[in-house]
Structures are given as C-alpha cells and as structure tokens.
Amino acid sequence: QFAKPEDAVKYRQGSLFVMAQHFGRIGAMVNGRVPYDAKAAADNAEVVADMAKLPWTGFGPGTDKASSPTRAKPEVWSEQIKFKDHADKMQGETQKLLAAAKTNNLDNLKAAFGPTANSCKACHDAFRKE
Ligand code: ASC
C-alpha cells in the first residue's frame, strides 16, 4: 500500500489529524463552545467514523523503522494484539458516536462523546510517547 515507510507514517498521522479536527468540532458543541447543529454534528461524526478505519495499515510491518518523527511507542509492534484491541474499541465507539449524532439529540451526542474520547485517550496512554 505504501511506497515507503515514511508514507505510512504520513498516512496514519494524516488520518488521525483529520479525525481529531472533526472530533474537536463535535466536542465544541458538546461543551457548549459552539451552538449545537445536528446536521453538522452528524457530518462531523461521519468523517470521524470513516477516519477511524484508516490509520491502522499505517502501523504495518517495517513502519516502525521509518525515519519520520513519530510518537508511536515500540509497543505498537511488540504488543500487536493489545494495540488492535484499542483500535477496535475506538472504531466501535466512533460508530456509536455516529449513531448518536444521527438521532439529532444533543443529550445522546453528549453521552457518546465521553466514551469515544476515552477510547482515544486509552490508546494514547498505552501506545503514544508523552
Ligand atoms: C481529541 C483529540 C484526542 C482526543 C483525546 C481525548 O479531540 O485530538 O486525541 O480527543 O484528547 O482524551
């Protein structure tokens, strides 16, 4: 899929970056920093759920040897089952977030937001430096 390991790093960082931008827009509504807009929330949740599927191939064999800056810990490659558990959990939460967003109900969105954020954080705590 990738011509060189550095492309894989760019790909996984790019997809996670886009996901974070759109998740942040939902967070702004959940936290009352911007007005709730059901359509915008659902559109953002679609992007989050789509992006959530992408980063993982970018952590493939050999990509730990890329010369690009990365905060991925060696455990991503040495504890692959645990890493996949976190990745699967996060994808599941983003699907729940999308379903909640599509109900057009802010309380449902709020209820799904925390568990999704926690699934991001759990993986970062275990597999990301700093
Ligand atoms: C975000 C973002 C993350 C997660 C995490 C949740 O918006 O960029 O990495 O939420 O901070 O705790």
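Pro 55 has 0% relative accessibility, so it counts as buried (under 20% relative accessible area; exposed means over 50%, partly exposed in between, with a 1.4 Å probe and protein chains only). You'll find Pro 55 in the loop between α2 (38–51) and α3 (75–78), where helices are DSSP runs of H or I with at least four residues, strands are E runs of at least two, and numbering goes from the N terminus. This is a predicted model, so local features need pLDDT of at least 70 and side-chain atom pairs count only at pLDDT 80 or more, while totals for chains, interfaces and linings use all residues. Residues are numbered from 1 along each chain as its sequence is written, and side-chain values use heavy atoms, with hydrogens and water left out.

From Pro 55, hop over to Ala 8. The two are 47 residues apart along the chain, yet their C-alpha atoms are separated by 8.7 Å. Ala 8 is part of helix α1, and its relative accessibility is also given as 0%, so it counts as buried.

Now go the other way, to Asn 104. Pro 55 and Asn 104 are 49 residues apart in sequence, and here the C-alpha to C-alpha distance is 28 Å. Asn 104 belongs to the loop between α4 and α5, and it has a positive phi of about 60 degrees although it is not a glycine. Asn 105 lies in the loop between α4 and α5 too. With 31% relative accessibility, Asn 105 counts as partly exposed. Measure out from Asn 105 to Arg 12 and you cover 32 Å, C-alpha to C-alpha, for 93 residues of sequence.

What about the helix leading into that loop? Leu 98 lies in helix α4, which spans residues 80–101. Its relative accessibility is 8%, so Leu 98 counts as buried. Leu 109 is 11 residues away from Leu 98 along the chain, with 8.5 Å between the two C-alpha atoms.

Down in the segment after α5 there's Glu 130. Its phi is near 65 degrees, a positive value in a residue other than glycine. At 88% relative accessibility, Glu 130 counts as exposed.

Time to zoom out. The protein has five helices and zero strands, so to speak an α-α-α-α-α pattern when read along the sequence. Its radius of gyration is 15 Å, close to the 14 Å that the globule rule gives for 130 residues, so the protein is as compact as a globular protein of that length. That radius is taken over C-alpha atoms, and the globule rule is 2.2 Å times the number of residues to the power 0.38. Along the principal axes, the C-alpha atoms fill a box of roughly 45 × 25 × 25 Å. Buried residues account for 38% of the 130 residues.That leaves the ligand. Which residues surround the ligand? They are Ala 20, Phe 23, Ala 117, Cys 120, Lys 121 and His 124, where a residue is near a molecule if one of its heavy atoms lies within 4 Å of it. Taken alone, the ligand exposes 310 Å², and the protein buries 59% of that; accessible areas come from the Shrake-Rupley method with a 1.4 Å probe, and for residues only the protein chains shown count as cover.

Two helices, α1 (5–30) and α5 (106–127), each supply at least two residues of this shell. The most comes from α5, with four residues. By class, the shell has four nonpolar, one polar and one charged residues; Ala, Val, Leu, Ile, Met, Phe, Trp, Tyr, Cys and Pro count as nonpolar, Asp, Glu, Lys and Arg as charged, and the others, Gly among them, as polar.
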